[in-house]
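Student: I have a new protein model to study. Can we go through it step by step?
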Amino acid sequence: MTNFLVTGGAGFIGANFIQYWLSRHSADSVVVLDALTYAGNLASLEPVLSSPRVVFVRGDIGTPGLAESLVRDHRLTVIIHFAAESHVDRSIAGPDPFLQTNVLGTHELLKAARLTSCGFHHISTDEVYGSLGPDDPPVTEESPYRPSSPYAASKAAADHLVRAYHRTYGLPITITNCSNNYGPYQFPEKLIPLAIVNALEGRPIPIYGDGQQVRDWLYVEDHCRALEQVLGTEPKGDTYNIGGRTTLTNLAAVRLLSMLIDEAFAADPGLSRRFPRSPAAQGRTASLITHVTDRPGHDRRYAMNAEKIENELGFRPAETFESGIRRTLTWYLAHEEWWRRVMDGSYREWMRAQYGSIVSF
């Protein structure tokens with residue numbers, strides 16, 4: 001039996017991980033620590049929230065002593081650290097919360113782990129490696145860090161802190177750097193859910209610049225499977241890249257998604273009645289794609305070499321991008337109440353500020 005502290009467990013990847021883990025490990029329990037900021041939603045944990053194996057605590061990871069007391073009181077053995085401010089656009093507009101949560105909050109958790117002799121797994125991102133040129137090889141776990149945005153820099157700093165605690169204090173840690181996740185429960189500010197929701201509502205689908213930014217796409221359940229593999233190893237300071245083996249431009253990803261939305265409407269006439277403003281019934285979702293001014297310092301290309309986790313732990317993603325997108329679209333169509341509930345007034349105001357006159361609600 002393993003008892004986890006899962007930070008950020010009401011967020012996108014954290015909520016998926018908790019549901020995945022509890023469905024496969026019947027003896028384990030989790031304490032969820034989440035501040036429930038705009039992107040953290042208890043609705044994402046509804047399938048497991050009433051379980052006696054789940055304890056939810058609303059709180060900030062940066063609160064001195066909070067994580068330590070939770071670890072001691074609940075006799076937890078591993079901290080799995082998902083909690084992070086994660087949207088690049090928000091980090092450009094206001095970097096302070098990113099440093100507070102991603103750096104100082106991580107440090108508070110590391111102190112708790114050290115004081116309680118608790119294991120520590122840190123969830124990081126491929127963005128710490130920075131942008132690649134068109135002919136550069138994919139990054140490995142040994143590649144230098146070259147973060148471009150305040151968000152990426154804050155995650156890079158957190159990675160270094162985690163490694164420092166392992167080297168200096170002998171803290172048992174692992175780190176995973178994942179590529180672009182997509183799937184159920186993703187807050188609709190990220191590209192895939194934003195495109196789905198806007199397509200259903202007949203609003204423009206904003207694409208930065210020429211849309212030729214290359215990303216490695218990872219279905220969130222595949223990410224959870226990879227974490228399961230890593231957490232099954234002895235934490236000896238290893239880092240693993242987790243990629244989806246699918247690199248596509250943002251524009252290509254949205255065009256494929258648009259085609260699948262059109263197909264869904266063609267197969268189910270009821271969708272036209274549910275979403276009367278969507279052009280998908282006429283097979284015209286792609287007409288909503290709207291190019292907007294590129295973000296400052298936008299990384300052009302990410303690509304990950306994930307051979308280490310494949311060779312050492314046997315992990316391979318189960319989903320292609322198309323199969324994962326089909327599953328994601330099916331989920332959003334079936335969970336309209338969830339995404340309407342999380343898109344509150346503050347989110348709408350942010351969308352208007354970010355994309356200007358092309359967005360209306």
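Tutor: Start with a definition: two strands pair if DSSP finds at least two bridges between them. Keep in mind that this is a predicted model.

Student: In what order do the strands of the open sheet of 3 strands stand?
Tutor: The pairing in this open sheet is mixed. Its 3 strands follow the order β7-β9-β11.

Student: Which strands stand at the edges of this sheet?
Tutor: An edge strand here has a single partner strand, so one side of it is left without a neighbour in the sheet. That description fits β7 (180-182) and β11 (247-249).

Student: By how much are neighbouring strands of this sheet turned against each other on average?
Tutor: Ignore the direction of the strands for this value. The average turn between neighbours is then 50°.

Student: Which helix packs on the sheet?
Tutor: This helix covers residues 250-267 and touches β9 and β11. Its direction makes about 90° with that of β11. The helix is α9.

Student: Do β7 and β9 run parallel or antiparallel?
Tutor: Strand β9 spans residues 214-219, and 3 bridges join β7 to it. Y182 has Y219 as its bridge partner in β9. N181 stands opposite L218. The two strands run parallel.

Student: And how do β9 and β11 run, parallel or antiparallel?
Tutor: Again there are 3 bridges, this time joining β9 to β11. Across this pair, D216 stands opposite T247 in β11. The direction is antiparallel.

Student: Why is β9 described as largely enclosed by the rest of the structure?
Tutor: Count the buried residues, where buried means under 20% relative accessible area. β9 is largely enclosed because the buried residues number 5 of the 6 in this strand.

Student: How many residues of β1 are buried?
Tutor: Strand β1 covers residues 3-7 and has both faces covered. N3, L5 and T7 lie on one side, and F4 and V6 on the other. The buried count is 5 of 5.

Student: Which strand is joined to β1 by 5 bridges?
Tutor: This partner covers residues 29-34 and runs parallel to β1. Within the pair, F4 stands opposite V30. The strand is β2.

Student: Which helix makes a β-α-β unit with β1 and β2?
Tutor: The unit is right-handed. The helix in it covers residues 12-24 and is α1.

Student: Which strand is joined to β1 by 4 bridges?
Tutor: It also runs parallel to β1, and it covers residues 78-81. V6 has I80 there as its bridge partner. The strand is β4.

Student: Is F82 buried or exposed?
Tutor: F82 sits in the loop between β4 and α4 (88-93). Leaving out residues up to four places away in sequence, F82 touches V6, T7, G8, I13, G14, F17, I123 and L227. Its relative accessible area is 11%, so F82 is buried.

Student: How far apart are the C-alpha atoms of F82 and G11?
Tutor: Along the chain, these two are 71 residues apart. In space, their C-alpha atoms are separated by 8.2 Å.

Student: Is α7 roughly parallel or oblique to α9?
Tutor: Helix α7 covers residues 191-201, and its axis is 10 Å from that of α9. The angle between them is about 40°. Roughly parallel needs an angle under 35 degrees. That makes α7 oblique.

Student: Which residues of α9 meet α7?
Tutor: The crossing of the two helices is right-handed. On the α7 side, L191, I192, A195, I196, A199 and L200 take part. On the α9 side, the residues are N250, V254, L257, I261 and F265.

Student: How are α5 and α6 placed, oblique or roughly parallel?
Tutor: α5 (residues 96-116) and α6 (residues 150-169) have axes 8 Å apart. Their crossing is right-handed. Contacts between them include F98 and L99 in α5, and Y151 and S154 in α6. The packing angle is about 15°, and the helices are therefore roughly parallel.

Student: What is the relative accessibility of A112?
Tutor: A112 is in helix α5. Beyond residues up to four places away in sequence, A112 touches A67 and E68. A112 counts as buried because its relative accessibility is 4%.

Terms used: Residues numbered from 1 in each chain as written. Predicted model: local features only at pLDDT ≥ 70, side-chain atom pairs only at ≥ 80, totals over all residues. Heavy atoms only, no water. Axes fitted to C-alpha atoms, helices over the stretch in contact; angles between N-to-C directions. Contact = heavy atoms within 4.5 Å. Buried < 20%, exposed > 50% of the residue type's maximum accessible area, 1.4 Å probe, protein only. Right-handed = clockwise from strand over helix to strand, strands pointing away. Parallel < 35°, antiparallel > 145°, perpendicular 65-115°, else oblique. Left-handed = near helix turned anticlockwise from the far one by under 90°.
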